[in-house]
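Trainee: Please take me slowly through one sheet of this fold, strand by strand, and then show me what else in the chain is worth comparing with it.

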Amino acid sequence: MEHVIALDVGGTGMKAALVGADGALLYEARRATGRERGPDAVVASILGFAADLLAVGDERYGVRASAAGVAVPGIVDPDHGIAAYSANLGWRDVPLRALLSERLGGLPVALGHDVRTGGLAEGRIGAGKGADRFLFVPLGTGIAGAIGIGGAIEAGAHGYAGEIGHVVVRPDGPACGCGQRGCLETVASAAAVSRAWAEASGDPDADAADCAKAVESGDPAAVRVWQDAVDALADGLVTALTLLDPRALIIGGGLAEAGETLFTPLRAAVERRVTFQKLPAVVPAALGDTAGCLGAGLLAWDLVATTNARTRTHAHAHATAPTPGPAAPHVADDSEGNA
């Protein structure tokens, strides 16, 4: 059975699958990244996991995987196959595509940014299916985004497109790791809500999920913390929809697990802010934590399709090239005085 390898690398764990041509998950596995042992250990873990997946496919289906797709966090240069930077993994300029291809015996490998890869899956087979333009925004430890256009994800000229988490929404707000103050992710991410609720509740172990539960029970302090985050998120989303005019805003990540506790006030806050803009659908992501792995599989299948198309084009050009005629007869050159 034809299949590809899909691997989604997170800060502490990896999700992997063998994916069939119809998108079915044929085999799934998880493994720790080994981050505590340093960046080289993470690379070794990824290479070892991929090699094990290749062996599983060989054994189960009697055929070698057609390609591999890998999603990683941080700054990615997919054109050159380089994981340029990841604070979570301690990486800088890791030639991951080349390393994986070598470990997998020359298998073609596609490399993608984790959020954009998850957005690819949400757009094609998840909440954005059928939407020609969408913005996928997962709300986790930070906030990033994926811009979907016509079934593909726009990476931008330098690979930074969609970084909505670093739109400044509160200029006098908390310092951000990027060097600015008041970035969206400093006030509206799951991590930001956790910090704010831990301070407001006096419980250092309280997190965003606890805040959501307190909101549902009517706790006024929790409602204030939650609404502050919702308002900031709406400010960022309206900036994005003004620039991008998406048909759908797909919200995922840990904060979206609060369901309508998030979506009811968020839809209202976005609607209050739009003027001339067209209001997009604001919907929850559908694929949960499988989005990255499913997206990695799509990257791999896209690579297979591109490779096959190039092969067909080359074969067609070769087949239709004019057949050379008979070689011209050789005439001796007597210019060197051989007469």
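Mentor: Three strands make up an open sheet in the order β5-β6-β7, and their pairing is antiparallel, where a strand is a DSSP run of E with at least two residues, numbered from the N terminus, and two strands pair if DSSP finds at least two bridges between them. You are looking at a predicted model, in which local features need pLDDT of at least 70, side-chain atom pairs count only at pLDDT 80 or more, and totals for chains, interfaces and linings use all residues. Residues are numbered from 1 along each chain as its sequence is written, and side-chain values use heavy atoms, with hydrogens and water left out.

Begin at the two edges of the sheet, which are β5 (75–77) and β7 (91–94), each of them pairing on one side only. Going across the sheet, the twist from one strand to the next averages 15 degrees (angles run from 0 to 180 degrees between the N-to-C directions of axes fitted to C-alpha atoms). If you follow strand β6, residues 82–86, you will find that β6 pairs with β7 in the antiparallel sense over 3 bridges, and a helpful landmark along this pairing is A83, which stands opposite V94 in β7.

For comparison, turn to a pairing that runs the other way: strand β4, residues 68–72, is parallel to β8 and joined to β8 by 5 bridges, and here A71 stands opposite G112 in β8. Strand β8 itself covers residues 109–113, and 5 of its 5 residues are buried, so β8 is largely enclosed by the rest of the structure (buried means under 20% relative accessible area, exposed over 50%, and partly exposed in between, with a 1.4 Å probe and protein chains only). In a regular strand the side chains alternate between the two faces of the sheet. Along β8 you can trace V109, L111 and H113 pointing one way, while A110 and G112 point the other way, and all of these residues are buried.

Finally, step back and set these strands in the whole protein chain, which has 13 strands together with 9 helices (a helix being a DSSP run of H or I with at least four residues). Buried residues make up 46% of the 339 residues in the protein chain, and the C-alpha trace spans about 110 × 50 × 40 Å along its principal axes.
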